Amino acid sequence: DEHKTTDLNTTYKLNLKKFYKKFDFNITQSTGLRNPSLYELYGSNGRTDSGKHVPNPNAKPEKSLTNEFSIGYAFSENLYISSTGYRSYIADTLLYDSSFGGGSGYTNSQQDLKQKGLETNLIFGGKEQKLSLFNTISSSKKGDGSHQLNRPDVTYGMNYSRKINTNYTGDFNLNYNYKHYGKSFDYNPGIKKVDSTDIMNLSISKEYFNSNFTLQISNLLDEVYQRPIGYSQDGRQFRVNFKKMY
């Protein structure tokens, strides 16, 4: 990746996959980077007076190293379970500093972030319908042992899709998604745990004469929540999409 400000950085991913009867095993090592955003580098207007955002054109990219091991087992053609454990180290993390340059801004921290977790997926289904259940247990801490903000320890949920046929509508597809975001640490003010949220989404789509019609309902139950604290998220929204294939 060659960046105008941070110059040249390289990443790699190595993966070994082994099948044995109904099992599959994966070992992966990968590196990654996140270049600083334009806001972190230059700010919105370049003002550096006290209490304003101070740009940091010398910010370096965050760099990570991740090791993963996963195992999967196929009970049958219609039932599969997999579990993945991972451990990541993130160096030169760009963190908000309220005293940077006489104002506030983002600067690279000397403390590495340490992240680890376990992700589990259960997939059941055939040609007409599919159900996926997922769960993630994770931990993200700074070098001093304090928690990284807005990173829930537990998330879980489900995805469900089904093809439906009726005499009145013909074939159409139903997709439902539910995700639970567990309690996480945030600034409220002061570092404390904030409430969990449960978000549901629903979509119905139908193909008709090489066209696709879709009705999407996001945040189905009109949940009122902020993520992170201070940033209100959208309530229930309806979207109608039309796509024509030529």
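How many bridges join strand 6 to strand 9, and in which sense do the two strands run? Select strand 6 (79–91) together with strand 9 (residues 113–125), and you will have on screen a pair of strands that run antiparallel and are joined by 12 bridges. Bear in mind from the outset that this is a predicted model, and that its confidence values are part of what you should look at along the way.

**Colouring by confidence**

Before going further, colour the chain by pLDDT, whose mean is 89, with 96% of the residues reaching 70 or more. Confidence is highest in strand 3 (residues 13–20), at 97, and lowest in strand 14, where the mean is 81. As a rule for reading any such model, predicted coordinates should not be read in detail where pLDDT is low.

**The open sheet**

Now select the strands in the order 3-4-5-6-9-10-11-12-15-16-17, which gives you an open sheet of 11 strands with antiparallel pairing. At its edges you will find strand 3 and strand 17 (237–244), each of which pairs on one side only. If you look across the sheet from strand to neighbouring strand, the average turn between them is 15 degrees, direction ignored. In general, the strands of a sheet pair through backbone hydrogen bonds, and the pairing may be parallel or antiparallel.

**Stepping from strand 6 to strand 11**

Return to the opening pair and pick out Gly-85, whose bridge partner in strand 9 is Leu-118. From there, add strand 10 (129–141), which pairs with strand 9 in the antiparallel sense over 12 bridges. The connection between strand 9 and strand 10 is a hairpin, made through three residues. To follow this pairing at a single position, select Thr-120 and then Asn-135, its bridge partner in strand 10.

The next strand to add is strand 11 (154–166), which runs antiparallel to strand 10 and is joined to it by nine bridges. Here a useful position to label is Lys-130, which stands opposite Ser-161 in strand 11.

**The salt bridges**

Switch now to side chains, remembering that those of opposite charge can pair when their charged atoms come close. The count of salt bridges comes to four, and three of them are visited below.

Select Lys-193 and Asp-153 first, where the closest N and O atoms of the salt bridge are 3.9 Å apart. Because Lys-193 lies in strand 14 (residues 191–194) and Asp-153 in the loop between strand 10 and strand 11, the pair ties together parts that are 40 residues apart in sequence. Lys-193 is partly exposed at 43% relative accessibility, and Asp-153 is also partly exposed, with a relative accessible area of 26%.

Move next to Asp-92 and Lys-60, whose side chains meet in a salt bridge at 3.7 Å, N to O. Asp-92 sits in the loop between strand 6 and strand 7 (94–97), and Lys-60 in the loop between helix 1 (38–42) and strand 5 (62–76), so this pair links parts that are 32 residues apart in sequence. Asp-92 is partly exposed, with a relative accessible area of 22%, and Lys-60 counts as partly exposed at 43%.

Finish at Glu-40 and Arg-34, whose side chains meet in a salt bridge of 3.3 Å, N to O. Is Glu-40 buried or exposed? With a relative accessible area of 8%, Glu-40 is buried, whereas Arg-34 is partly exposed at 33%. Add Glu-62 to the selection, and you will see the network into which salt bridges with shared partners join Arg-34, Glu-40 and Glu-62.

How values were computed
Residues numbered from 1 in each chain as written. Predicted model: local features only at pLDDT ≥ 70, side-chain atom pairs only at ≥ 80, totals over all residues. Heavy atoms only, no water. Buried < 20%, exposed > 50% of the residue type's maximum accessible area, 1.4 Å probe, protein only. Helix = DSSP H or I, 4+ residues; strand = E, 2+ residues; numbered from the N terminus. pLDDT = per-residue confidence, 0-100. Pairing = 2+ DSSP bridges. Axes fitted to C-alpha atoms, helices over the stretch in contact; angles between N-to-C directions.
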